[in-house]
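Visitor: Could you take me through the ligand site of this model, with care over what surrounds the ligand and how the site relates to the rest of the protein?

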Amino acid sequence: MNGQLTIVGLGPGPKDWITPAATEAVAGADIVLGYAPYVNRLTPRVGQVLESSDNREELARAERALELAASGRRVAVVSGGDPGVFAMAAAVYEAVEKNPASADGVDIRVEPGVTAMLAAAARIGAPLGHDFCAISLSDNLKSWATIEKRLRLAAEADFVIALYNPASKARPQQISQAFDILRRVLPDETIVVFARAVGRPDEEIDVTTLAGAGDMACDMRTLVMVGSQATRKVTSGDGRAWVYTPRSERVR
Ligand code: SAH
């Protein structure tokens, strides 16, 4: 083997949500590459180089990482959450597919992390207790027509739907278009959760319904979760509430 390339998941934010294996992979790297907000979370050890780039440059970053690893370096590429969920691991394999020889002799590994939808779910109860899916609302890499179709069919199939990349400055209106599509299929009282900056100091979780969802603020650090028709609130005797989806579709 020439070198090592590990694509590492840093989890949604807090240090204690990073696996020991991920921490080890970052500590053992000569050079760490990634999108600036993720790289900025790290403290370099002596002799270690941190290199951040823009989030639109994922393929270029993957190619550079492969190049550095092939030259014998130990390279870590970091992603927030899990590196395989709408993140860098797929970009690395795209680079390998484009130029198979670039991976020759490189020990490529993926170190998983807690993805945003799991962190958000843990905060509110157990909304992913039954079947679910995840859809990115970003149309950088796919058409809006594809997104519309997937939203409609996911709602028809009655999945709990985790929406990643729900909005950005460039496309603030898409989340309301997504809710319009979902409203054609799902009842107004369907539970919708807005989980903002989960695990960060400014974390904010709001539980609403599909009828009220259009009024909620939402940005690139928000994970939106749309319940299935079985997703509901459950309340303790002393008045605390959670959101969960029963394990069995027979519990209605
Ligand atoms: N690889 C990441 C996802 C990258 S896509 C993961 O596994 O979590 C970026 C999107 O993830 C954001 O737009 C947002 O929808 C979601 N996200 C990432 N971190 C988050 C956090 N701490 N709180 C809420 N949503 C988050």
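**The ligand and the two domains**

Guide: In this predicted model, the centres of domain 1 and domain 2, taken over C-alpha atoms, are separated by 28 Å. The contact between them takes 9 residues from domain 1 and 11 residues from domain 2, where domain 1 spans 3-114 and domain 2 spans 117-244. Both domains take part in the ligand site, since the shell around the ligand draws at least three residues from each of domain 1 and domain 2.

That shell is made up of 19 residues, and the closest of them are Asp82, Val85, Thr115, Met220 and Thr222. Sorted by class, the shell around the ligand holds 12 nonpolar, 5 polar and 2 charged residues.

Turning to individual polar contacts, a polar side-chain atom of threonine 115 lies 2.6 Å from an oxygen atom of the ligand, while for methionine 220 a backbone N or O atom lies 2.6 Å from an oxygen atom of the ligand. Asparagine 165 also contributes through its backbone, with an N or O atom placed 3.1 Å from an oxygen atom of the ligand. Of the 540 Å² of accessible area that the ligand has on its own, the protein covers 91%. As for the space that the ligand takes, this is the largest pocket.

Notes
Residues numbered from 1 in each chain as written. Predicted model: local features only at pLDDT ≥ 70, side-chain atom pairs only at ≥ 80, totals over all residues. Heavy atoms only, no water. Near = heavy atom within 4 Å. Polar contact = N/O pair within 3.5 Å; in protein donor to acceptor, adjacent residues only side chain to side chain. Areas by Shrake-Rupley, 256 points an atom, 1.4 Å probe, with all protein chains shown as cover. 1 Å grid on protein atoms, 1.4 Å probe; cavity = no way out; pocket = protein on both sides within 12 Å on 5 of 7 lines; lining within 4 Å. Sits in = over half its atoms within 2 Å of the grid points. Nonpolar A, V, L, I, M, F, W, Y, C, P; charged D, E, K, R; others polar. Domains from an automatic or database assignment. Contact = heavy atoms within 4.5 Å.
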